[in-house]
Amino acid sequence: MGESVIVNNCSFAGVQPIMMDLPYPPIQVREKNPAYANLLSIDYCGAVSELSAITQYINNENRISCGDCSLAKTLIGIAMAEMMHLQKLGELIVLLGGNIDYTAKYRDGRKKMWTPECLNIPAQVKSMLLADIESEKAAINQYEAHMKMIKDDCVNRVLARIIKDEEYHIILLRALMK
């Protein structure tokens, strides 16, 4: 008797980050500022963060790649863009004098290490996409709030550019829902 094998034939070769076709500003800061680094740590690895987005998109892609390869490729492309955001935030945090330790540092002194409990991972594809859209909206709102607190034009230019990608992701995810 031969063994049966189940294969995922969805190939991710050639998948590129899905983002706006615009350059990122240089990764630089006016001066060290640990308070700004702490704000960015929340964007880096808080409940609403690039780390959460990457993990949520990869989880969704893993669960649907056998059934809808095209959608899975889109989600992995978005996840790749989120990885680039994480990397840029990490560079800014270090330049500002902060540490990359997967701990979000809040203004009230609380510190919270990232955990998968931050994720929203529903079972149905439509619910997954809705959760992804809501996560993108929450990220935009958080970036905008942080930009109001950060008085460093170099940092804010990078955050504004990241927001453009997040807005683009919402447009794509809404189109996928149809």
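In which helix is S127 found? This predicted model places S127 in helix α4, and the legends below begin with that residue.

**Figure 1. S127 of helix α4 and its partner in space, M177.** S127 is found in helix α4. With a relative accessible area of 32%, S127 is partly exposed, because values between 20% and 50% are given that description. Along the chain, S127 and M177 are 50 residues apart, while their C-alpha atoms are separated by 9.5 Å.

**Figure 2. R174 of helix α5 beside residues from earlier in the chain.** R174 lies in helix α5. Its relative accessibility is 42%, so R174 counts as partly exposed. When neighbours within four places in sequence are left aside, R174 is in contact with I133 and K137. R174 and L129 are 45 residues apart along the chain, and 7.9 Å separates their C-alpha atoms.

**Figure 3. The salt bridge between K137 and E134 in helix α4.** Side chains of opposite charge can pair when their charged atoms come close. In this view K137 forms a salt bridge with E134, and the closest N and O atoms are 3.5 Å apart. The two residues lie 3 residues apart in helix α4, which spans residues 125-149, so about one helical turn separates K137 from E134. K137 counts as partly exposed at 31% relative accessibility, and E134 counts as partly exposed at 45%. K137 is also one of the residues in contact with R174, the subject of the previous figure.

**Figure 4. The salt bridge between R161 and D165 in helix α5.** The side chains of R161 and D165 meet with an N to O distance of 2.7 Å. Because R161 and D165 are 4 residues apart in helix α5, they are separated by about one helical turn. Are these two residues buried or exposed? Both R161 and D165 are buried, since each falls under the 20% limit of relative accessible area.

**Figure 5. A salt bridge between parts of the chain distant in sequence, D153 and R30.** A search of the whole structure finds 6 salt bridges. One of the pairs is D153 with R30, whose closest N and O atoms are 2.8 Å apart. D153 lies in helix α5 (residues 153-177), whereas R30 lies in the segment before α1 (34-45), so the pair ties together parts that are 123 residues apart in sequence. D153 counts as partly exposed, at 35% relative accessibility. R30 counts as exposed, at 55% relative accessibility. A network of salt bridges links R30, D153 and R157.

**Figure 6. The largest nonpolar core, with L40 and V155.** In soluble globular proteins, nonpolar side chains tend to be buried together. The largest nonpolar core of this model has 43 residues, and L40 and V155 touch the most other members. The elements that give two or more residues to this core are α1, α2 (50-64), α3 (69-95), α4 and α5. Which helix gives the most to the core? Helix α3 does, with 9 residues. Apart from neighbours within four places in sequence, L40 is in contact with L89, L92, I93, L96, I150, V155 and L159. V155 therefore appears twice in this view: it joins L40 in touching the most other core members, and V155 is itself one of the residues in contact with L40.

**Figure 7. Helices α2 and α4 where they pass each other.** The axes of α2 and α4 come within 11 Å and cross at roughly 170 degrees. Angles over 145 degrees count as roughly antiparallel, and α2 and α4 are therefore roughly antiparallel to each other. The crossing of α2 past α4 is left-handed. On the α2 side, the contact is made by E50, Q56, Y57, N60, R63 and I64. On the α4 side, the contact is made by V125, M128, A131, D132, S135, E136 and Y143.

**Figure 8. A47 in the loop between α1 and α2.** A47 is found in the loop that lies between these two helices. At 44% relative accessibility, A47 counts as partly exposed. Not counting residues up to four places away in sequence, A47 touches S52, Y106 and C118. A47 and T115 are 68 residues apart in sequence, and their C-alpha atoms are 8.1 Å apart in space.

Methods. Residues are numbered from 1 along each chain as its sequence is written. This is a predicted model: local features need pLDDT of at least 70, side-chain atom pairs count only at pLDDT 80 or more; totals for chains, interfaces and linings use all residues. Side-chain values use heavy atoms; hydrogens and water are left out. A salt bridge is a side-chain nitrogen of Lys or Arg within 4 Å of a carboxyl oxygen of Asp or Glu. Buried means under 20% relative accessible area, exposed over 50%, partly exposed in between (1.4 Å probe, protein chains only). A nonpolar core is a set of buried Ala, Val, Leu, Ile, Met, Phe, Trp, Tyr and Cys residues joined through side-chain atoms within 4.5 Å. Contact means heavy atoms within 4.5 Å. Axes are lines fitted to C-alpha atoms, for helices over the stretch in contact, and angles run from 0 to 180 degrees between N-to-C directions. Angles under 35 degrees count as roughly parallel, over 145 as roughly antiparallel, 65 to 115 as roughly perpendicular and the rest as oblique. A crossing is left-handed if the near helix is turned anticlockwise from the far one by less than a right angle, and right-handed if clockwise.
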